[in-house]
Structures are given as C-alpha cells and as structure tokens.
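This briefing goes through one protein structure by topic. Please look over the sequence and the model before reading on.

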Amino acid sequence: MTLKNRAHDILIRRSGCAAVVALLWATGLVAQAADQPELLVNPGFEEIASGQPAGWEASDPKRVAPDEHAGAGGSLCVKLDTRDEEGSLHVAQNILEPKQGQKFVFRYRVCGDVGEGTKYQAYVGIWKGTEWLSGVATEMKPVPSSWEENTIEFKLTQDASRLMVVFAIKGDGGAVWFDDASLRPVDE
Ligand SMILES: [Ca+2]
C-alpha cells in the first residue's frame with residue numbers, strides 16, 4: 001500500500017468511526033436538542049456553497065476552505081492556512097437577536113500544524129448593532145497538534161442584539177482546522 005493510499009484508508013476509517021459517534025450522540029440527545037436548538041448554521045462545516053463553508057464568512061476565500069482533515073467530524077471541517085503567506089485569517093458567523101439574559105454553551109474542536117509563532121482564537125463577540133460590547137474567550141491560544149475539544153459557557157447579560165462566533169488564526173505560518181462548532185442556549 002502506498003503512503004497516499006494508506007493515508008486515505010486511515011481517513012476513511014476515522015470518518016466512519018466519527019459518523020457512528022455522531023449518530024449515537026444525535027440519538028441520545030434528541031429530546032434535549034429539541035429544547036435547546038443549535039443556533040449556528042452549518043456548525044459541522046459539512047455544507048459547501050460556492051466552494052466555501054455555507055453560512056460562514058471567510059476573511060480570504062483562497063486560504064479559508066472546507067477540508068477533509070483526518071479526524072474531522074462527519075466528512076469536512078474548515079481549514080485556515082497561512083503556510084504560503086503569514087498574517088491573520090478568520091471565519092465567522094453572526095447570530096441575530098440572541099435572547100438577552102440567556103445562558104449559552106459554545107463548543108468547538110481545533111487542531112493544527114503550525115510553528116510556535118502561530119496561535120488561534122475561538123470566541124464569541126457580543127455586539128449592540130455595530131457597537132462592540134464584550135467578547136467571550138477572546139484570548140489567543142497555542143494550537144494543539146491533535147484534535148482538542150473546548151467548551152465555554154457564558155451568560156448574556158448586556159443589551160446585545162448580535163453575537164458573532166469567530167475562529168481566527170494569526171502568525172508566521174501554518175494550517176489550523178476547526179470543526180463541530182456549536183452555540184446553544186442552556187438551562188440554568
Ligand atoms: Ca465536520
């Protein structure tokens with residue numbers, strides 16, 4: 001088996017495993033999901049529109065794209081790639097008129113192949129119209145080399161009219177993948 005074929009074989013097996021996990025997860029949480037709807041469109045980056053993750057806005061369509069990285073949930077994730085040109089990239093989605101006073105849980109998975117100079121941000125920006133109010137988890141973080149899941153809870157107490165979920169990278173070169181994003185209201 002060639003290296004390429006072997007890599008493909010591993011990718012297929014991992015994808016199959018992820019699909020089973022996703023199915024179990026979905027079956028177990030049907031009732032809960034009905035009470036707590038997912039607010040993001042295309043949270044798993046599985047749908048593509050004009051070559052881009054549907055529902056998401058990319059800072060640079062040439063360097064932010066759907067990708068079949070091994071270990072992605074489902075088949076696809078989103079890849080932010082600064083290997084050819086350093087700088088910053090992001091992919092983002094707006095949620096209009098979130099419920100004020102509501103508690104939310106924000107989840108995502110991330111992994112990357114980067115030098116030490118590249119870090120990532122996965123945050124929720126809170127806006128009143130075009131005015132920035134605050135942000136949740138805005139710090140730059142080191143990029144893990146294998147998939148890592150993060151969960152952040154926050155309560156919307158301010159006069160917010162818009163949330164923005166943002167995945168961003170900044171640095172001197174590398175590729176970072178994000179997948180399985182989620183933003184759901186949760187009961188207190
Ligand atoms: Ca996915």
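How do S8 and strand S9 pair, and over how many bridges? The two strands pair in the antiparallel sense, over five bridges, with S9 covering residues 131–136. The model is predicted. Its protein chain holds two helices and 13 strands. Of its 188 residues, 27% count as buried.

**The S8–S9 hairpin**

- S8 and S9 form a hairpin, with two residues between them.
- Gly129 sits in the turn of this hairpin and has a positive phi of about 60°.
- Across the pairing, Ile126 stands opposite Ser134 in S9.

**Gly125 in S8**

- Strand S8 also contains Gly125.
- Gly125 has 18 other C-beta atoms within 10 Å, so it is partly exposed; a buried residue would need 20 or more.
- Leaving out residues up to four places away in sequence, Gly125 touches Trp132, Gly135, Leu163, Met164 and Val166.
- One of these residues, Leu163, is 38 residues from Gly125 along the chain, yet the C-alpha atoms of the two are separated by 5.6 Å.
- For the protein chain in general, 76% of the contacts between residues at least 6 apart in sequence join residues at least 24 apart.

**The five-stranded sheet**

- Five strands make an open sheet in the order S4-S5-S13-S7-S11, with antiparallel pairing.
- Its edge strands are S4 (64–67) and S11 (148–155), each of which pairs on one side only.
- On average, neighbouring strands of this sheet are turned by 30° against each other, direction ignored.
- At the S4 edge, S4 pairs with S5 (residues 77–81) in the antiparallel sense over four bridges.
- Within this part of the model, Pro66 stands opposite Val78 in S5.

**The largest nonpolar core**

- The largest nonpolar core has 34 residues.
- The members that touch the most other members are Cys77, Val78, Leu80, Val110, Tyr120, Val176 and Phe178.
- Two or more residues each come from S5, S6 (87–96), S7 (103–114), S8 (119–128), S12 (162–171) and S13 (174–186).
- S7 gives the largest share of this core, six residues.
- Val110 is in contact with Tyr120, Ala122, Val143, Pro144, Glu148, Val176 and Phe178, leaving aside its neighbours within four places in sequence.
- Val78 therefore appears twice in this account: it is among the core members that touch the most others, and it stands opposite Pro66.

**Positive phi outside glycine**

- Which residue has a positive phi of about 60° although it is not a glycine? Phe45 is one such residue.
- Phe45 lies in the loop between helix H2 (30–35) and strand S1 (48–49).
- Phe45 is buried, because 29 other C-beta atoms lie within 10 Å.
- Ala137 likewise has a positive phi, near 60°, and is a residue other than glycine.
- The loop that holds Ala137 runs between S9 and strand S10 (141–142).
- Is Ala137 buried or partly exposed? Ala137 has 15 C-beta neighbours inside 10 Å, so it counts as partly exposed.

Terms used: Residues numbered from 1 in each chain as written. Predicted model: local features only at pLDDT ≥ 70, side-chain atom pairs only at ≥ 80, totals over all residues. Pairing = 2+ DSSP bridges. Axes fitted to C-alpha atoms, helices over the stretch in contact; angles between N-to-C directions. Core = buried A, V, L, I, M, F, W, Y, C linked by C-beta atoms within 7 Å. Buried ≥ 20, exposed ≤ 12 C-beta atoms within 10 Å, placed from the backbone. Contact = placed C-beta atoms within 7 Å.
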